[in-house]
Amino acid sequence: MSRPSPATPTRPRDPTRGRALNIPVQVGGVTVHPGDVIRGDSSGVVVVPREHLDTVIASTREVAQRETAWRQALAAGASVAAATGAEALIEERRKTTAVPLP
């Protein structure tokens, strides 16, 4: 058998108080402006200011292409150092470094 449970609705005295739209806010010590892009995944959260969005998108596309090439090289049997170009960089440094590297 259910019993009635009287309740009084509650609401702020001034429902417009404390509300604002399209203003900068602080989140975790970072200022987020209207129009900024917030992206999060299991690695963390990033705030991209609107004025940097095109540059960030271009950079992420370059990184994705580079990582695809690395995966293809690894699948073809290359070492991680060879696939990522680290092997070539180390060899170049060996040739140009005054103190011979081991």
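This briefing covers the fold, the surface and a few local features of one protein chain. The model is predicted. The chain holds 3 helices and 4 strands, and along the sequence these elements come in the order β-β-β-β-α-α-α. Of its 102 residues, 4% are buried.

**Overall layout**

- The chain exposes about 9,400 Å² of accessible area. Carbon and sulfur atoms supply 56% of that area.
- Among contacts with a sequence separation of 6 or more, 0% join residues 24 or more positions apart.
- A residue counts as buried when its relative accessible area is under 20%, and 4% of the chain falls in that class.

**The β3–β4 hairpin**

- Strand β3 covers residues 37–41 and strand β4 covers residues 44–48. The two strands run antiparallel and are joined by 5 bridges.
- The connection from β3 to β4 is a hairpin of 2 residues.
- V37 has V48 of β4 as its bridge partner.
- V46 is a residue of β4. Leaving aside residues up to four places away in sequence, V46 touches V37, I38 and R39.
- V46 counts as partly exposed because its relative accessibility is 42%, and the partly exposed class lies between 20% and 50%.
- V46 and V30 are 16 residues apart along the chain, and their C-alpha atoms are separated by 9.7 Å.
- In a regular strand, side chains alternate between the two faces of the sheet.

**Strand β1 and the segment before it**

- Strand β1 spans residues 25–27, and V25 lies in it.
- I23, V25 and V27 form a nonpolar patch on the surface. Together these residues have about 240 Å² of accessible area.
- With a relative accessibility of 39%, V25 counts as partly exposed. V25 can belong to the patch because patch residues need over 30% relative accessible area, and V25 has 39%.
- N22 sits in the segment before β1. N22 is exposed, since its relative accessible area is 70%.
- N22 is not a glycine, yet its phi is positive, at about 55°. Most residues other than glycine have a negative phi.

**Helix α1 and what follows**

- Helix α1 covers residues 53–75, which is 23 residues.
- At 1.5 Å a residue, α1 should span 33 Å. The C-alpha atoms at its ends are 33 Å apart, so the expected span and the modelled one agree.
- That expected span is 1.5 Å times one less than the number of residues.
- G77 follows α1 and has a positive phi, near 105°.

**The salt bridge in helix α3**

- How many salt bridges does the structure hold? There is 1 salt bridge.
- The salt bridge is formed by the side chains of E91 and R94, with an N to O distance of 3.5 Å. The cut-off for a salt bridge is a nitrogen within 4 Å of a carboxyl oxygen, so the pair at 3.5 Å qualifies.
- Both E91 and R94 lie in helix α3, residues 86–96. They are 3 residues apart, about one turn of the helix.
- Side chains of opposite charge can pair when their charged atoms come close.
- E91 counts as partly exposed because its relative accessibility is 36%. R94 counts as partly exposed at 38%.

Methods:
Residues are numbered from 1 along each chain as its sequence is written. This is a predicted model: local features need pLDDT of at least 70, side-chain atom pairs count only at pLDDT 80 or more; totals for chains, interfaces and linings use all residues. Side-chain values use heavy atoms; hydrogens and water are left out. Patches are made of residues with over 30% relative accessible area and no salt bridge: like charges are joined within 9 Å, nonpolar side chains (Val, Leu, Ile, Met, Phe, Trp, Tyr) within 5 Å. Accessible areas come from the Shrake-Rupley method with a 1.4 Å probe; for residues, only the protein chains shown count as cover. Buried means under 20% relative accessible area, exposed over 50%, partly exposed in between (1.4 Å probe, protein chains only). Two strands pair if DSSP finds at least two bridges between them. Contact means heavy atoms within 4.5 Å.
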